[in-house]
Amino acid sequence: MKQTLKNIFFLGVKELRGLGRDYMLIALIIYAFTLGIYVTGSSTSDTISKAAIAIVDEDKSQISQRIFDAFFPPMFLPAQEISLEDIDPAMDEGKYTFVLVIPSEFQKDLLAGRQPEIQLNVDATRMSQAFTGSGYIQQIISREIRNFKNNSSTPQPLVNTVIRKRYNANLTQSWFKSVMQLVNNITMLAIILTGAALIRERENGTLEHLLVMPVSPFEIMFSKIWSMLLVVLISSIISLTLVIMQLLHVPVNGSISLFAVGVVLHLFAVTSLGIFLACVAQNMPQLGMLMILVLLPMQMLSGGSTPLESMPEWVQNIMLAAPTTHFVEFCQAILFRGAGIKVVYKPFIMLFAIGTILFSLSLIRFRKSVAQ
């Protein structure tokens, strides 16, 4: 037993040294856990932000002025007043995403109980802002008209619904996007590093050298798992504390230590999966193709992009066998909601069970590959 642990340790150190000489993989690790997460977290979100809007006010009334003053940062840039003749040239030049036209006698028609129309011109080439912003503008106009009329023509609701947004009061998407990018990068890098470690041994011919040494396939495989697991674990903790918490100012409500324990369980599962894929593939291009077939469905259906409950029931049942599903579950619970071990012990147990199964299957496949 002592000799086995010694062999696993020194073989793992050999893997770390081999990784240190692979500058492309080192560059990928640094990018994935620094710039890759920062760009994703700080990029323009799906919500509208600083949209350019102009207003043609032909009414010059109290309600038109209220509508004019209702558009302000951060959702919109301060509204600019233009003339009717300036609409087409301004939109052709791309100066405004939205141009609102308030007709004459708008307030008079409104108070008389008629239904006057307001024209909204939208630059649909700015797809995300055009779709989201149109809905926001309609809500803002309806709110100002309702306040102007002081609710005299609309009945009071029977129930007043008070909305409380927990864990992210301002619905800041960078908080969610940066953490989910970290989750995806942890899975991706774990599979790439372990798979590349095994394929590198095969391509360099050093795997045959290991086979003539007094080491078992279990020791060879486990040394690759623990060494790559250690690299991804340290990188993910540094990325969480420095990039996400310090640079992007994302509040982490839970225990980082508990998160690290969960990451170890997840890495045990996905590094075993990386070994299995490397045994099936013959070279790095084939490993990349297998990763596309395996990794993308796992990440898209794990609940990180779309809630698992919104998927068909048969998809939910299948995804319970994927380690990423339980990884996303406890990451969101710990980092967003501040959950403790009493809440996340079930995904921890599931990850350990899935990891054990994947490790056993990978070991069987690795022994067959070595025998061939």
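Visitor: Which residue in E3 stands opposite Ala54?

Guide: In this predicted model, strand E1 covers residues 53-57 and strand E3 covers residues 98-102, and the two pair in the parallel sense over five bridges. Within E3, Leu100 is the bridge partner of Ile55. For Ala54, the residue that stands opposite in E3 is Val99.

Visitor: In what order do the four strands of the open sheet lie?

Guide: The parallel pairing of E1 with E3 is accompanied by an antiparallel one, in which four bridges join E3 to E4, and the pairing in the sheet is described as mixed. Strand E2 (80-81) and strand E4 (119-122) each have a single partner strand and stand at the edges, so one side of each is left without a neighbour in the sheet. The order of the four strands is E2-E1-E3-E4.

Visitor: Which residue in E4 stands opposite Leu100?

Guide: Leu100 is the bridge partner of Ile55, and its strand E3 is also joined to E4 by four bridges, the two strands running antiparallel. On the E4 side, the residue opposite Leu100 is Leu120.

Visitor: How many of the five residues of E3 are buried?

Guide: In a regular strand the side chains alternate between the two faces of the sheet. For E3, Phe98, Leu100 and Ile102 lie on one side and Val99 and Val101 on the other, and both faces are covered. The strand is therefore largely enclosed by the rest of the structure, the number of its residues that are buried being five of the five.

Visitor: With which side chain does that of Asn121 make a polar contact of 3.1 Å?

Guide: Asn121 is found in strand E4, and, leaving aside residues up to four places away in sequence, Asn121 touches Ile87, Met91, Thr97, Phe98, Val99 and Val101. The polar contact of 3.1 Å joins the side chain of Asn121 to that of Gln119.

Visitor: How many residues apart in sequence are the parts that the pair of Phe76 and Phe98 ties together?

Guide: The count of aromatic pairs comes to eleven, and Phe76 with Phe98 forms an edge-to-face pair, with 6.3 Å centre to centre and 65° between the planes. Phe76 lies in the loop between helix H4 (62-69) and E2, whereas Phe98 lies in strand E3. Both residues are buried. Because of these positions, the pair ties together parts whose separation in sequence is 22 residues.

Visitor: Which residues form one aromatic cluster with Phe218?

Guide: Among the eleven aromatic pairs, that of Phe76 and Phe98 has already been described as edge-to-face. The cluster that contains Phe218 is completed by Phe222, Phe268 and Phe359.

Visitor: Which helix gives the most to the largest nonpolar core?

Guide: The largest nonpolar core has 71 residues, of which Phe33, Ile186, Leu193, Phe259, Leu267 and Phe330 touch the most other members. Several helices each supply at least two residues of this core, including H1 (2-20), H8 (173-204), H10 (217-247) and H15 (341-371). With 14 residues, the helix that gives the most is H11.

Visitor: How many residues make up the other core, which lies apart from the largest one?

Guide: Phe33, a member of the largest core, touches Leu182, Asn185, Ile186, Leu189, Val232, Ser235, Ser236, Ser239 and Val243, not counting residues up to four places away in sequence. The other core lies apart from the largest one and has Ile53, Ile67, Ala70 and Phe106 among its members. Its size is 21 residues.

Visitor: How many disulfides does the structure hold?

Guide: Cys279 counts as buried at 4% relative accessibility, and Cys331 likewise counts as buried, at 0%. As for disulfides, the number held by the structure is zero.

Visitor: Is Lys60 buried or exposed?

Guide: Lys60 lies in the loop between E1 and H4 and has a positive phi of about 50°, although it is not a glycine. Its relative accessible area is 56%, and the cut-off for this class is over 50%. Lys60 is therefore exposed.

Visitor: What is the phi of His249 near?

Guide: His249 is found in the loop between H10 and H11, and at 60% relative accessibility this residue counts as exposed. The phi of His249 is positive in a residue other than glycine, with a value near 55°.

Key
Residues numbered from 1 in each chain as written. Predicted model: local features only at pLDDT ≥ 70, side-chain atom pairs only at ≥ 80, totals over all residues. Heavy atoms only, no water. Pairing = 2+ DSSP bridges. Polar contact = N/O pair within 3.5 Å; in protein donor to acceptor, adjacent residues only side chain to side chain. Contact = heavy atoms within 4.5 Å. Phe/Tyr/Trp six-rings, centres within 6.5 Å; stacked < 30°, edge-to-face > 60°. Buried < 20%, exposed > 50% of the residue type's maximum accessible area, 1.4 Å probe, protein only. Core = buried A, V, L, I, M, F, W, Y, C linked by side-chain atoms within 4.5 Å. Disulfide = S-S within 2.5 Å.
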